[in-house]
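Got your viewer open? Let's take a walk through this structure, one selection at a time.

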Amino acid sequence: MSLLEIVNVTRSFGGLTAVDGVSLTVAPGELVSVIGPNGAGKTTLFNLITGLDAPDAGEIRFEGRSIGGLPPERLAALGLARTFQHGRVFANLSVLDNVLLGAHTRLRAVRPQVPLVGPLVELALALVRPASVRAEEQRLRDEAREILTLFGERLLPRIDQPAYSLSYANRRRVEIARALALRPRLLLLDEPTAGMNPSETAEMLEIIRALKARGLTILLIEHKLELVMELSDRVVVMDDGRVIAEGAPELVRNDPAVIEAYLGHSTIGEAADAAPRELEAV
Amino acid sequence: MNSFLDHTINGLIIGNIYALVAVGLALIFGVSNLINFAHGSVYMVGAYIGWVCVAALGTPLPLTLATVMAGCAVLGVAIERLGLRPLQGAPRIAPLLATIGISFVLDQLVQLIFSPDPRSLPSQLPSWRLQVGSGSIGALDLFVAAAGIASAALLYAFLRFTRLGAAVRATAQDRDAALQMGVDVNRVNQVVFAIASALGGLSGVLVGMYYNNIFPAMGFQATLKGFVAQLVGGAGNVPGAIAGSLLLGLIESYGIAILGTSYRNLFAFIILMAVLAWRPNGLFSAGRKLPPEPLTGTFVAPSRPLSVPRWALAAAVGAALILPLVWRDSYVVQTLTNAWLYGMLALSLTLVAGTAGQMSLGHAGLLAIGGYASALLALDLGVPVPLAVLLAGLITAALGTLLVFPAFRLRGHYIAIATLAIGEIVNLVILNWEGLTRGPIGVAGIPPLELFGQPLVDAASVYWVALAVMVGLALLQWRLTQFHLGRTLRAIREDDVAARAFGISLNRYKGLAFAVSGFAAGLSGAITAHMYSYINHETFNTQISVLALTMVILGGLGNIVGAILGAVALIGLPELFRGLAEYRMLVYGLVLLLLVRFRPQGVMGTV
């Protein structure tokens with residue numbers, strides 16, 4: 001059974017149809033990349049999956065249950081984690097706090113699911129702090145450190161520093177660490193290497209590869225095609241709100257429709273390799 | 001039915017006056033995304049310039065109006081240049097706070113120069129009246145309507161047909177793009193402020209003539225009415241502001257006819273809350289907007305808080321405890337008691353505005369609920385005072401959270417406006433619900449604080465009770481904001497979109513923050529009520545809300561020790577310079593301005 005099923009989803013903003021009848025599936029353990037030129041509708045699709053926006057038509061199913069239109073908080077509780085295109089970390093909070101917040105949905109001792117008076121119980125537990133609450137907090141801190149070791153020496157030495165003081169690349173790493181703290185069933189990465197130089201990109205490639213090796217299901221938006229080709233089990237190409245190609249990386253890379261979407265016209269793509277033409281005399 | 005026409009005409013005239021204010025606010029908001037709290041003060045200054053012209057100089061009407069408009073335009077440009085342009089890079093809510101500071105300073109300056117008493121502003125128009133239906137229209141009514149229509153038409157022509165007008169519209173749409181196209185955005189800002197202020201001043205002098213009454217505090221209501229009108233029409237939308245103003249004027253007029261004058265302002269605020277709750281983009285749009293990218297909306301300036309060692313804190317508390325025994329000046333003891341009570345309020349505010357990032361300008365309303373709840377429980381139900389105070393805290397927590405709940409979906413500066421309105425609504429309800437609160441008479445004979453059945457009447461005992469409660473609340477708040485609750489609230493402050501994406505329910509945690517905050521504020525109001533033994537709807541006014549905000553920013557948003565320090569500083573220090581008592585509000589306004597500009601993280605740093 002697929003983990004994520006998107007069936008014929010459409011979303012329009014006024015006159016612009018950002019996502020037009022898109023369907024795609026993601027099986028457990030797969031890494032699926034969504035690529036396409038700017039404005040193709042990729043981030044809108046992500047927003048629809050993660051509850052920041054609701055589809056006008058179509059269905060989105062996660063582990064068999066319909067999630068279209070559910071708010072982001074519910075989706076997080078179901079095991080969906082995401083990173084954002086421009087890196088939305090909690091700027092004034094430390095790296096550790098950022099990662100701990102990723103585990104919010106996993107708080108059980110201090111946040112019991114009691115109807116009606118739940119918030120008051122949470123308040124009381126935060127005040128009194130019985131042994132179970134303290135143990136949970138300690139456990140989550142240990143887990144957060146473990147997650148940060150994935151990034152080598154990049155984040156651990158800075159664990160108590162506020163996120164705004166980190167470099168851009170480090171902030172994006174914190175974002176991923178935060179998402180991992182949720183122990184997601186499905187991880188959505190929105191251009192994780194945007195703005196990174198080649199060596200940072202290579203590092204990120206290894207991290208994502210390691211996550212995939214651990215069995216994490218990942219849906220990735222990316223522009224860097226080498227990354228996409230190396231990591232993906234399947235590639236979905238969008239242009240103008242529609243899926244124009246889908247399949248294994250090597251197949252998609254040579255698909256004429258894909259080349260045209262990225263480069264304009266297929267003949268121009270060939271001509272760029274050839275010697276410049278002589279201008280004809282009039 | 002005859003009077004329906006009367007009330008309609010009346011409503012439209014009033015609406016015209018509001019429109020002059022609202023249009024200015026809409027222009028400023030459209031171009032610089034700024035909520036200009038100082039606009040009402042400019043309106044008030046306009047009225048006073050008019051008074052100087054009419055009563056002192058005796059100038060003819062056209063000259064009066066021209067002077068008013070020119071004077072206010074200059075004032076507007078000065079506000080933009082000195083108060084707001086330096087804050088261009090700061091988070092959006094910084095200019096809002098700066099304009100609050102400016103409005104304080106302007107209001108107090110005028111009050112110092114002209115005295116707080118109202119004075120009359122005779123209309124310089126002939127006093128004939130036209131019969132219309134069962135009522136009549138006077139020359140002034142027609143003039144106000146003409147002024148409103150003429151201004152709207154001129155403004156439309158300016159925006160539509162001149163190059164500068166096009167530059168204004170371009171800047172309103174996309175400031176960066178306009179900048180890139182060579183538009184002098186600073187000049188556009190100045191022009192907009194000049195026009196908006198001129199219109200505001202004109203409105204002020206017309207209102208003064210219409211009611212034959214001006215007073216230094218008249219600006220505040222105008223600002224709020226202008227906001228309501230603007231929000232109803234869609235923020236930044238000039239035609240919408242006019243439509244909203246007319247609508248507001250009509251509703252007020254009909255409402256007064258049905259329910260009486262004292263309800264006038266209540267309508268404005270209820271409409272405001274309704275619009276904010278259901279149609280924050282205004283009545284004329286139905287947009288489902290996606291949230292903007294991060295680093296918008298909140299005020300918290302990044303900083304490392306100064307850490308105070310525990311022993312120093314313990315020593316300070318110890319010193320505070322023995323102070324009444326050592327320093328037997330009852331005036332000092334009373335001042336510090338006041339400081340502790342404000343300290344509770346500052347703690348309460350720093351939790352929601354600092355830790356949770358919800359800028360609240362209506363905390364005085366929470367004080368009022370607490371004060372009245374405790375007073376009425378003790379007087380009317382005979383509840384023993386200590387229990388009444390505790391219950392008042394709980395009632396304020398519940399009621400306060402309930403009242404703010406409709407505003408939870410709002411962000412950034414809209415929360416500030418909504419909470420301001422809620423604070424006003426609380427006081428207006430207290431004023432009008434005579435059966436419960438004794439209305440304008442207030443509640444007298446409130447029993448004093450007591451402990452174990454013994455009434456506490458000397459200054460030192462009250463001091464110790466206030467100190468103990470404040471320290472207790474500080475410890476409670478410190479404990480609560482450690483670990484998961486603190487970081488969850490801060491996450492909401494930092495980036496509520498990311499917070500939601502990780503399962504944090506905004507309503508739940510905002511509710512918790514306001515509940516705890518309400519409890520602290522309620523206790524403060526309750527103790528105050530028993531200490532003063534008399535309270536009315538003006539005891540806990542908006543000035544207190546702004547003062548609390550200044551204390552909290554001075555101490556550092558979210559900083560518990562800072563909040564108490566801010567309270568002691570702003571209550572204690574002015575008492576040292578007692579000769580300057582008249583200038584106290586002026587000083588508070590200046591302090592707020594300077595803090596926002598030069599040290600937004602406060603003395604102790606934000607947490």
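## Stop one: a sheet in chain A

Start by picking A:A81 and A:L187: A:A81 stands opposite A:L187, which belongs to β7(A). Keep in mind throughout that what you have on screen is a predicted model. Now widen the selection to the strands around that pair. β6(A) and β7(A), residues 186-190, run parallel and are joined by 3 bridges.

Widen again, and you get an open sheet of 6 strands in chain A, with the order β6-β7-β8-β3-β9-β10 and mixed pairing. Which strands stand at the edges? They are β6 (80-82) and β10 (242-247) of chain A; each has a single partner strand, so one side of each is left without a neighbour in the sheet. Tilt the view a little: on average, neighbouring strands here are turned by 15 degrees against each other, if you ignore direction.

Next, add residues 42-49 of chain A. That's helix α1, lying across β3 (31-35), β6, β7, β8 (217-221) and β9 (234-239) of chain A. Against β7(A), helix α1 of chain A runs at about 150 degrees.

## Stop two: a hairpin

Stay in chain A and select residues 57-62, which make up strand β4. Strand β1 (residues 4-13) of chain A runs antiparallel to β4 and is joined to it by 5 bridges. For one such pairing, click on A:I6, whose bridge partner in β4(A) is A:I60.

Now add residues 65-66, strand β5 of chain A, which is antiparallel to β4(A) and linked to it by 2 bridges. Here A:F62 faces A:R65 of β5(A). How many residues lie between β4(A) and β5(A) in their hairpin? There are 2, and A:E63 in that turn has a positive phi of about 50 degrees.

## Stop three: a helix tucked away

Select α3(A) next. Are its residues buried or exposed? 8 of the 8 residues are buried, so this helix is largely enclosed by the rest of the structure. Among them are A:V95, A:D97, A:N98 and A:G102. To see what surrounds α3(A), show α5 (131-149) and α6 (168-181) of chain A plus α19 (483-494) of chain B: the buried residues of α3(A) pack against these helices.

## Stop four: where the chains meet

That helix from chain B leads us to the contact between the chains. Chain A brings 32 residues to the contact and chain B brings 28. On the chain A side, α2 (72-78), α3 (95-102) and α4 (118-128) each supply at least two residues. Colour that side by class and you'll find 20 nonpolar, 6 polar and 6 charged residues.

## Stop five: over to chain B

Hide chain A for a moment. Chain B holds 24 helices and 6 strands. Its radius of gyration is 25 Å, close to the 25 Å that the globule rule gives for 607 residues, so chain B is as compact as a globular protein of that length. Along its principal axes, the C-alpha trace of chain B spans about 70 × 55 × 45 Å. Of the 607 residues in chain B, 54% count as buried.

For a last close-up, select α9 (residues 218-233) and α11 (residues 264-278) of chain B. Their axes come within 9 Å and cross at roughly 35 degrees, and the crossing of α9(B) past α11(B) is left-handed. Turn on side chains for the residues that make the contact, including B:L224, B:F227 and B:V228 of α9(B) and B:A268, B:I271 and B:L272 of α11(B). By class, this contact has 10 nonpolar, 2 polar and 1 charged residues.

Methods
Residues are numbered from 1 along each chain as its sequence is written. Chains are lettered from A and ligands numbered from 1 in the order in which they are written. This is a predicted model: local features need pLDDT of at least 70, side-chain atom pairs count only at pLDDT 80 or more; totals for chains, interfaces and linings use all residues. Two strands pair if DSSP finds at least two bridges between them. Helices (H or I, at least four residues) and strands (E, at least two) are DSSP runs, numbered from the N terminus. Two residues are in contact if their C-beta atoms, placed from the backbone, lie within 7 Å. Ala, Val, Leu, Ile, Met, Phe, Trp, Tyr, Cys and Pro count as nonpolar, Asp, Glu, Lys and Arg as charged, and the others, Gly among them, as polar. The radius of gyration is taken over C-alpha atoms; the globule rule is 2.2 Å times the number of residues to the power 0.38. A residue is buried if 20 or more other C-beta atoms lie within 10 Å of its own, exposed if 12 or fewer, and partly exposed in between; C-beta atoms are placed from the backbone. Axes are lines fitted to C-alpha atoms, for helices over the stretch in contact, and angles run from 0 to 180 degrees between N-to-C directions. A crossing is left-handed if the near helix is turned anticlockwise from the far one by less than a right angle, and right-handed if clockwise.
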